[in-house]
Amino acid sequence: MVALIPAHDEAPRIGSVIDVARGHLPVLVVDDGSSDGTAAVARAAGATVIEQSPNQGKGAALRAGFRHALAGGADAILTLDADGQHDPAEIPAFLAAWSAEPPPDLVIGRRDFRAMPVARRLSNTAGGLLFSWAVGRPIPDNQSGYRLISRGLAEATLASDEPGFAFEVEQITTCIRMGGAIAWVPIRTIYAGAPSHIRPIAHVREFMRIVRQARRDVRRPLG
């Protein structure tokens, strides 16, 4: 198993994330076209680093990391963000959930929406209800990027062409379509002042598109 961290211009924050994560798992960083020395900081902190240029989006960075981890024989991949909003000290909670028999195909870190700024709380709550309707089951947090993904699910997502955050939402649909089990672990909800890469209007448009796609796709089992 490996911890995979996609990163774009996170040099001030990524070193401390890697330091803690390496106490639990080997760390792989995909530097997605950074211009601030993120890759050098990650290497100095002890991570294996893949660099892709120009910036291709979080979904593309995750798939690049999946391919590298799978080629190395990883049986599962834990993903977390580089900006400190995912506490790497919580990795053992994901490993404990993975130790179930049989292990789930997807473990998602569930955030406490009440701890979010009001606008994000409302958007995440509404988005959760809408996506749950689309896939026909409760999905309390569809956009948390703190996850543990089985080898089988990671392989199934490699055919995706989603470049950005929609890849993680689509990943849930893929798991349902393959008949995989989903587990949840509570995680801290951290907003430490890091700049957001989210563009609200574009984000909403993308989310509505992926919801419509999920509504169609969830009825079609993976071959």
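**Figure 1. Helix 5 (residues 118–135) gives the second largest pocket the largest share of its lining, five residues.** The model shown here and in the other views is predicted. The pocket has a volume of about 210 Å³. Its lining counts 14 residues. Closest to the pocket centre are Arg110, Arg111, Phe113, Ile139 and Pro140. By character, the lining of this second largest pocket splits into seven nonpolar, four polar and three charged residues.

**Figure 2. The largest nonpolar core has 34 residues.** Ile77, Leu106, Phe131, Ile172 and Ile182 have the most contacts inside this core. Several helices and strands each supply at least two of its residues. The strands are strand 1 (2–7), strand 2 (27–32) and strand 5 (106–110). The helices are helix 3 (58–71), helix 5, helix 6 (151–157), helix 7 (166–177) and helix 8 (200–217). A second, separate core of 29 residues includes Leu25, Ala45, Val49 and Ala82.

**Figure 3. Ile77 is among the residues with the most contacts inside the largest nonpolar core.** Residues up to four places away in sequence are not counted among the contacts listed here. Ile77 touches Met1, Val2 and Leu4. Its contacts also include Phe66 and Ala69. Arg147, Leu148, Ile149 and Ala154 complete the list for Ile77.

**Figure 4. Helix 7 is mostly covered, with twelve of its twelve residues buried.** From first C-alpha to last, helix 7 reaches 17 Å. That is close to the 16 Å expected at 1.5 Å a residue. The buried residues of helix 7 include the nonpolar Ala166, Phe167, Val169, Ile172, Cys175 and Ile176. Charged residues are buried in helix 7 too: Glu168, Glu170 and Arg177. Gln171, Thr173 and Thr174 are the polar residues on the buried list. Gly179 follows helix 7 and has a positive phi, near 75°.

**Figure 5. Lys58, found in helix 3, touches Glu168.** The C-alpha atoms of Lys58 and Glu168 are separated by 8.9 Å. Along the chain, Lys58 and Glu168 are 110 residues apart. Lys58 also touches Pro6, Asp32, Asp81, Gly145, Pro163 and Gly164, with residues up to four places away in sequence left out. Lys58 counts as partly exposed because its relative accessible area is 25%, between the cut-offs of 20% for buried and 50% for exposed. Glu168, by contrast, is one of the buried residues of helix 7.

**Figure 6. Cis peptide bonds precede Pro54 and Pro102.** The bond joining Ser53 and Pro54 has omega of about 0°. Pro54 sits in the loop between strand 3 (48–52) and helix 3. From Glu101 to Pro102, omega is near 0°. Pro102 lies in the loop between helix 4 (91–98) and strand 5.

**Figure 7. Asp9 has a positive phi although it is not a glycine.** The phi of Asp9 is about 55°. Asp9 is placed in the loop between strand 1 and helix 1 (11–21). With a relative accessible area of 24%, Asp9 is partly exposed.

**Figure 8. Pro12 is found in helix 1.** Pro12 counts as exposed because its relative accessibility is 66%, over the 50% cut-off. The C-alpha atoms of Pro12 and Thr48 are separated by 18 Å. Pro12 and Thr48 are 36 residues apart along the chain.

How values were computed
Residues numbered from 1 in each chain as written. Predicted model: local features only at pLDDT ≥ 70, side-chain atom pairs only at ≥ 80, totals over all residues. Heavy atoms only, no water. 1 Å grid on protein atoms, 1.4 Å probe; cavity = no way out; pocket = protein on both sides within 12 Å on 5 of 7 lines; lining within 4 Å. Points joined across faces, edges and corners; volume = space filled by probe spheres on them. Helix = DSSP H or I, 4+ residues; strand = E, 2+ residues; numbered from the N terminus. Core = buried A, V, L, I, M, F, W, Y, C linked by side-chain atoms within 4.5 Å. Buried < 20%, exposed > 50% of the residue type's maximum accessible area, 1.4 Å probe, protein only. Contact = heavy atoms within 4.5 Å. Expected span 1.5 Å × (residues − 1).
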